[in-house]
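These are my notebook entries on a single structure. I looked up the disulfide, the sheet order, the strand pairing and the nonpolar core in turn.

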Amino acid sequence: VQLQASGGGLVQAGGSLRLSCAASGSIDSIYVMAWYRQTPGKERELVARIQRGGSTNYANPVKGRFTISRDNVKDTVYLQMNSLRPEDTAVYYCNRYPIVATWWGQGTLVTVSS
């Protein structure tokens, strides 16, 4: 499976972005999909994950601000990000949870200015 993340950009603090992750194959059988992010010098961290049936989990820093969703027909996973903060600046990636190392795509850069 190849995963292509998109939708990043430059936004002011307090603003919103919606990220998309399009899969080259079906995600319908993948139990958990997730979004991750990475900043220079730090390890990639889990941001949010979603089960096939729609149950979700979020990292504490993004709870109440980010919403993950998935469309198993369009083979796409989304991340709606609201009330963005400068500390949300990172490259965002999607992958399975737990990860499949060969599935990492290029990610999409989100920059939040103060």
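**Disulfide**

I looked up the cysteines and found a disulfide that joins C21 to C94, with an S to S distance of 1.7 Å. I note that the model is predicted. The structure holds one disulfide. I placed C21 in strand β3 and C94 in strand β9, so the pair ties together parts that are 73 residues apart in sequence. I then took the torsion about the S-S bond of C21 and C94; it is about 50°, so the disulfide is right-handed. Are C21 and C94 buried or exposed? I found both C21 and C94 to be buried.

**Open sheet**

I next traced an open sheet of six strands and recorded the order β2-β10-β9-β4-β5-β6, with mixed pairing. Which strands stand at the edges? They are β2 (9–12) and β6 (56–58); each has a single partner strand, so one side of each is left without a neighbour in the sheet. Between neighbouring strands of this sheet I noted an average turn of 25°, direction ignored. For β5 and β6 I recorded antiparallel pairing over three bridges. I50 stands opposite T56 in β6.

**Strand β8 and its partners**

I turned to β8 and found five of its six residues buried, so I entered the strand as mostly covered. With β3, strand β8 pairs in the antiparallel sense over six bridges. I identified M81 in β8 as the bridge partner of L17. With β7, β8 is again joined by six bridges, and the two strands run antiparallel. Here I found Y78 in β8 as the bridge partner of S69. The hairpin of β7 and β8 has four residues between the strands, and in this hairpin D75 takes a positive phi near 55°.

**Nonpolar core**

I then examined the largest nonpolar core, which has 28 residues. Those with the most contacts inside this core are W35, V47, F66, L79, M81 and Y92. I listed the elements that give two or more residues to the core: β1 (3–6), β3 (17–23), β4 (32–38), β5 (45–51), β7 (66–71), β8 (76–81), β9 (90–96) and β10 (108–113). Which strand gives the most to this core? It is β3, with four residues.

I followed F66 further, leaving aside its neighbours within four places in sequence. F66 is in contact with R37, V47, Y58, L79, Q80, M81, N82, L84, D88 and Y92.

Technical notes:
Residues numbered from 1 in each chain as written. Predicted model: local features only at pLDDT ≥ 70, side-chain atom pairs only at ≥ 80, totals over all residues. Heavy atoms only, no water. Core = buried A, V, L, I, M, F, W, Y, C linked by side-chain atoms within 4.5 Å. Buried < 20%, exposed > 50% of the residue type's maximum accessible area, 1.4 Å probe, protein only. Contact = heavy atoms within 4.5 Å. Disulfide = S-S within 2.5 Å. Pairing = 2+ DSSP bridges. Axes fitted to C-alpha atoms, helices over the stretch in contact; angles between N-to-C directions.
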